[in-house]
Amino acid sequence: MTVHRLTLTTMAENQESTLPQSPPRPEQEDPDPPTPRSGQPPRSSPATAPEHRSTVRSLLRLWPYARVIRWRLAASISAALVAMLSVLVVPLVLGRIVDGPIAHHDLSALWPLAGALLLLGLVEAGLFYTRRVVLAGPLAGLETAMRGDLYAKLQRLPVSFHDRWASGQLLSRATSDMFTMRLFLAFPLVFLVVNSLMFAAGTAVMFVLDWRLALITLLPAVPLIVLTRHFESGYSLAARRAQDQTGDLATVIEESVLGIRILKAFGRHRTMAERFRSQTHELRETELHKAGLLANLWAVIVGLPELALGCALAVGAYLVAQDELTTGTLVAFLSTALALRWPVESLGWLLAYANEAATATDRYFEVLDEPEDGGAPAPAAKADATAATATATATAGTDEGIRLTGVRFRYPDAPDDTPDLLCGIDLHVRRGETMALVGATGSGKTTLTALLPRLYEATGGTITLDGRDIREIPRARLRELVSVAFEEPTLFSASVGENVLMGAPDASPEQLRRALDTAQADFVERLPAGTETQVGEQGLSLSGGQRQRLALARAVVGDPAFLVLDDPLSALDVHTEALVEQALREVLGSTTALVVAHRPSTVLLADRVAVLADGRIAAVGTHQELLRSCAVYRELMSGEAAPVLEGSPAR
Ligand SMILES: Nc1ncnc2c1ncn2[C@@H]1O[C@H](COP(=O)(O)OP(=O)(O)OP(=O)(O)O)[C@@H](O)[C@H]1O
């Protein structure tokens with residue numbers, strides 16, 4: 001029975017985590033599902049397993065991908081089916097040998113039948129090989145396509161989505177879930193079809209050989225059907241929980257690795273290790289629970305048919321003694337029944353895997369089904385839409401810079417009883433002007449700047465760029481127009497040049513050099529390979545000030561029409577800051593800019609200053625005007641403000 005042996009080996013290879021590792025533990029309690037830590041957004045396990053999910057309906061969602069390889073799938077199933085059917089012929093040949101050459105002591109008739117058995121074995125092996133070869137390549141392609149779609153979707157999804165979802169949850173969907181789905185198409189799907197057909201064919205053969213023995217052998221089918229339905233509902237919940245816990249675990253590992261400096265510096269690695277241990281323990285409990293469920297099912301799936309087979313053997317022996325059945329027919333019947341053990345016994349594993357694949361598919365499509373519009377504009381925003389269109393029509397084509405009218409915003413997960421973070425921002429940055437935005441910590445400055453390139457959607461009001469509503473500008477174009485440098489500079493594992501050119505992929509080497517000059521990033525020349533130097537993951541091989549200067553260079557490299565800088569010089573020493581400011585003035589002279597400023601020295605870059613307080617623009621004016629007229633501003637700029645700014649040109 002080559003097929004059985006080889007297939008079971010494959011199962012063992014691929015199912016280490018699914019197969020029962022230890023005896024079932026009936027007393028084991030169903031572990032509680034993971035719950036988000038109180039007070040935190042649901043960044044772990046954002047989706048919960050639906051109570052009454054249909055495994056088939058979930059798996060059918062894979063069809064658009066599987067359709068591409070449908071002929072290969074059909075060929076693989078056919079090869080496996082023929083191999084299985086050839087297994088069913090073996091008992092018939094055995095019956096012939098017993099009733100023929102053995103009963104008549106005629107060895108000359110044995111050789112052709114023995115040759116037939118050998119041929120059947122070779123056919124099985126050949127078809128087994130074909131089944132694997134036919135599917136391996138296309139399935140790898142399918143996995144690549146699915147992963148590509150997931151990645152592209154993640155790139156398109158708004159920042160608010162990424163705020164809600166933990167990176168480990170996304171990582172596990174792109175890796176282990178993808179593997180589960182591919183494996184399902186490679187083995188369990190094929191064998192679900194093949195084993196069902198083989199079971200039907202074998203049952204027919206058994207009925208043809210002797211209907212009484214066939215009925216006895218099939219008796220366990222009824223309790224097995226009831227049991228598997230019960231198993232399925234429990235197992236799918238456990239499988240979902242395990243996959244979500246795997247995602248949470250990936251998040252902990254990722255945070256531990258990325259935050260290793262902080263953990264070491266504060267000696268918190270033990271706390272993190274404890275968190276890791278507790279999550280691995282939870283996952284282990286869930287896996288054991290799954291293994292227990294599977295083991296229970298398996299015990300019944302294996303035990304009941306064995307019992308029925310024993311009864312069939314006893315009745316068969318009695319019938320042979322009564323001359324109502326030949327010995328050869330009994331041997332053929334029992335061999336057929338034994339050949340059907342694999343299709344029956346594999347049922348537990350196949351069902352378990354189908355459930356794993358269904359939950360993996362659910363998790364995959366939870367991301368793909370997410371709306372991409374960044375959260376449709378809230379009702380208030382829709383109400384503003386008409387007014388926005390009117391404003392846009394009236395001002396389209398005029399050079400009016402950045403205009404925010406009645407802009408409102410609240411984070412989707414903000415508590416219901418809190419006011420909007422921004423509740424009616426009216427601000428006009430004239431074309432070519434640099435406006436500094438100041439406000440207390442947490443007043444919403446960064447949030448406001450993120451609305452301009454539509455990283456978040458305003459929940460009310462309108463924002464126009466040179467008279468055009470930003471909602472009417474295609475996102476890609478909008479992000480070409482508006483260039484951003486955030487306070488926390490993010491770099492990627494790429495060369496210095498590649499990181500800067502993310503701001504304008506088509507920029508010339510001259511533009512790159514100019515941008516680096518503007519950001520006073522002369523340290524680049526001293527790096528081992530200049531702009532070709534790789535900066536390592538998240539740019540951690542550079543200092544904070546160096547990273548910030550590269551982020552600034554990235555923002556200005558494309559000579560953007562609108563520039564948004566979020567406290568771009570906070571990590572620089574006083575001397576470098578002065579040099580950057582000097583160079584930046586030139587850039588700011590040719591663009592319309594909104595600059596978040598915490599320090600008077602940054603305010604100096606601006607023509608005018610806007611003060612953000614209580615979700616509104618409390619005052620706008622030059623630095624000197626505001627110092628005279630605005631108490632909030634005076635408070636924000638108090639201390640070093642006056643001496644530094646005295647003597648500053650016309651501001
Ligand atoms: N992604 C988010 N989801 C929910 N709330 C957020 C999110 N980002 C920021 N907030 C909250 O919004 C408020 C404003 O944050 P924001 O970063 O815009 O302030 P800020 O004025 O730039 O502060 P700072 O001067 O310290 O940089 C804060 O209370 C913050 O907790």
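## Group meeting: a walk through one predicted model

Let me start with a single residue. Gln520 counts as buried, because 23 other C-beta atoms sit within 10 Å, and 20 or more is the cut-off for that label. Keep in mind that this is a predicted model.

Where is Gln520? In the loop between H20 and H21. Its phi is near 55°, a positive value for a residue other than glycine. As background, most residues other than glycine have a negative phi.

Now a second residue with a positive phi. Asp614 has phi near 50°, and Asp614 is not a glycine. Is Asp614 buried or exposed? Neither label fits: Asp614 is partly exposed, because 13 other C-beta atoms lie within 10 Å, and that class runs between the limits of 12 or fewer and 20 or more.

Asp614 belongs to the loop between S9 and S10. Those two strands form a hairpin with 2 residues between them. Strand S9 covers residues 608-613 and strand S10 covers 616-621; they run antiparallel, joined by 5 bridges. One of the pairings puts Val609 opposite Gly621 in S10.

Next, helix H22. Residues 544-556 make up H22, 13 residues in total; at 1.5 Å a residue the span should be 18 Å, and the end C-alpha atoms are 19 Å apart, so the two agree. How many of its residues are buried? The count is 12 of 13. Among them are Gly545, Leu550 and Val556, and also Arg547, Arg549 and Arg554. What covers them? The list includes strand S6 (482-485), helix H19 (496-501), helix H20 (509-518) and helix H21 (523-526). It also includes strand S7 (562-566) and helix H23 (574-589).

On to the sheet. There is an open sheet of 4 strands, in the order S2-S1-S4-S5, with antiparallel pairing. Strand S2 (422-429) and strand S5 (468-469) are at the edges, each with a single partner strand, so one side of each has no neighbour in the sheet. S1, residues 402-409, runs antiparallel to S2, and 6 bridges join the two. Leu404 pairs with Leu427 in S2.

Then the ligand. Which residues are around it? Asp163, Tyr411, Asp413 and Leu421 are among them, and so are Gly439 and the run from Thr441 through Gly442, Ser443, Gly444, Lys445 and Thr446 to Thr447. By class, the shell has 2 nonpolar, 7 polar and 3 charged residues. Helix H17 (residues 445-451) gives the most to this shell, with 3 residues.

Now the record. An unreviewed UniProt entry lists residues 73-97, 109-129 and 183-207 under "transmembrane region". How do two of those spans look in the model? Residues 73-97 are 100% helix and 0% strand, with end C-alpha atoms 37 Å apart. Residues 183-207 are 96% helix and 0% strand, and there the end C-alpha atoms lie 35 Å apart.

Last residue: Leu330, in helix H14 (residues 327-339). Leu330 is buried, because 22 other C-beta atoms lie within 10 Å and the cut-off is 20 or more. Leaving out residues up to four places away in sequence, Leu330 touches Gly316, Val320 and Leu325. Leu213 is 117 residues away along the chain, yet the C-alpha atoms of Leu213 and Leu330 are separated by 9.3 Å.

That is the tour. Over to you.

Definitions and conventions:
Residues numbered from 1 in each chain as written. Predicted model: local features only at pLDDT ≥ 70, side-chain atom pairs only at ≥ 80, totals over all residues. UniProt positions renumbered as here; feature names shortened; annotations may be inferred. Expected span 1.5 Å × (residues − 1). Contact = placed C-beta atoms within 7 Å. Pairing = 2+ DSSP bridges. Near = placed C-beta within 6 Å. Nonpolar A, V, L, I, M, F, W, Y, C, P; charged D, E, K, R; others polar.
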